[in-house]
Amino acid sequence: QVQLVESGGGLVQAGGSLRLSCAASGSIFSIDVRGWYRQAPGKQRELVAIIARGGSTNYADSVQGRFTISRDNTKNTVYLQMNSLKPEDTAVYYCYAGSRGIYNYWGQGTQVTVSS
């Protein structure tokens, strides 16, 4: 079992910044990829950013250049630095961990609200 605990969500004004954190615990040794997804009202869950074991990253086109995913392996923690936030970024953000292409783990979700 893997447990993911998120922090850092909140309410910010357009143009502002937030940093989300997600700490993993439990059977973390087989985790291959970590990342962030989000789900806005009336929309499907979408990938925001991922970081693989080797350090490669991928971003959704909508956040490219504004968001940065990073990790601290000593703390088993992944971060999402969100800059130049837009109202369209408003969503529940979910921390993700994947293992062996089979097992998927999710955080509880944290609300990010960007006001106009």
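How many bridges join β9 to strand β10, and in which direction do the two run? In this predicted model, four bridges join β9 to β10 (residues 103–106), and the pair runs antiparallel. One of the contacts can be picked out by name: Y96 has W106 in β10 as its bridge partner. Together β9 and β10 make a hairpin, with three residues between the two strands. Within that turn lies R100, whose phi is positive, at about 55 degrees.

A good next stop is the open sheet, which has four strands in the order β1-β3-β8-β7. The pairing in this sheet is antiparallel. Its edges are formed by β1 (2–7) and β7, each of which pairs on one side only. From one strand to the next, the twist averages 20 degrees. As a general background, the strands of a sheet pair through backbone hydrogen bonds, in either a parallel or an antiparallel manner. Inside the sheet, β3 and strand β8 (residues 77–82) are joined by six bridges and run antiparallel. Here R19 stands opposite Q81 in β8.

Strand β3 also leads to the disulfide. The count comes to one disulfide, and the cysteines that form it are C22 and C95, with their sulfur atoms 2.0 Å apart. The two partners come from distant parts of the chain: C22 sits in strand β3 (residues 18–26) and C95 in strand β9 (residues 91–99), 73 residues apart. The bond thus ties a strand of the open sheet to a strand of the hairpin described above, as the positions of C22 and C95 show. Are these cysteines buried or exposed? Both C22 and C95 are buried. The torsion about their S-S bond is about -90 degrees, and the disulfide is therefore left-handed.

Two loop residues deserve a look for their backbone angles. N76 has a phi near 55 degrees, a positive value in a residue other than glycine. This asparagine lies in the loop between β7 and β8. Its relative accessible area is 29%, so N76 counts as partly exposed, a class that lies between 20% and 50%. The second residue is S84, which is not a glycine either, yet has a positive phi of about 50 degrees. S84 is located in the loop between β8 and β9. With a relative accessibility of 42%, S84 is also partly exposed.

N76 appears once again in the description of the largest pocket. This pocket has a volume of about 290 Å³, and 15 residues line it. Nearest its centre lie I28, I31, R34, N73 and N76. Which elements give two or more residues to the lining? They are β4 (31–39), β5 (46–52) and β7 (67–72). Of the elements, β4 gives the most, with four residues. In β7, the pocket shares an element with the open sheet, where this strand is at an edge. By character, the lining divides into seven nonpolar, five charged and three polar residues.

Technical notes. Residues are numbered from 1 along each chain as its sequence is written. This is a predicted model: local features need pLDDT of at least 70, side-chain atom pairs count only at pLDDT 80 or more; totals for chains, interfaces and linings use all residues. Side-chain values use heavy atoms; hydrogens and water are left out. On a 1 Å grid over the protein atoms alone, a cavity is a set of points where a 1.4 Å probe fits but cannot get out, and a pocket is an open set with protein on both sides within 12 Å along at least five of seven lines; lining residues have an atom within 4 Å of a point. Grid points are joined across faces, edges and corners, and a volume is the space filled by probe spheres set on the points. Ala, Val, Leu, Ile, Met, Phe, Trp, Tyr, Cys and Pro count as nonpolar, Asp, Glu, Lys and Arg as charged, and the others, Gly among them, as polar. A disulfide is a pair of cysteine sulfur atoms within 2.5 Å. Buried means under 20% relative accessible area, exposed over 50%, partly exposed in between (1.4 Å probe, protein chains only). Two strands pair if DSSP finds at least two bridges between them. Axes are lines fitted to C-alpha atoms, for helices over the stretch in contact, and angles run from 0 to 180 degrees between N-to-C directions.
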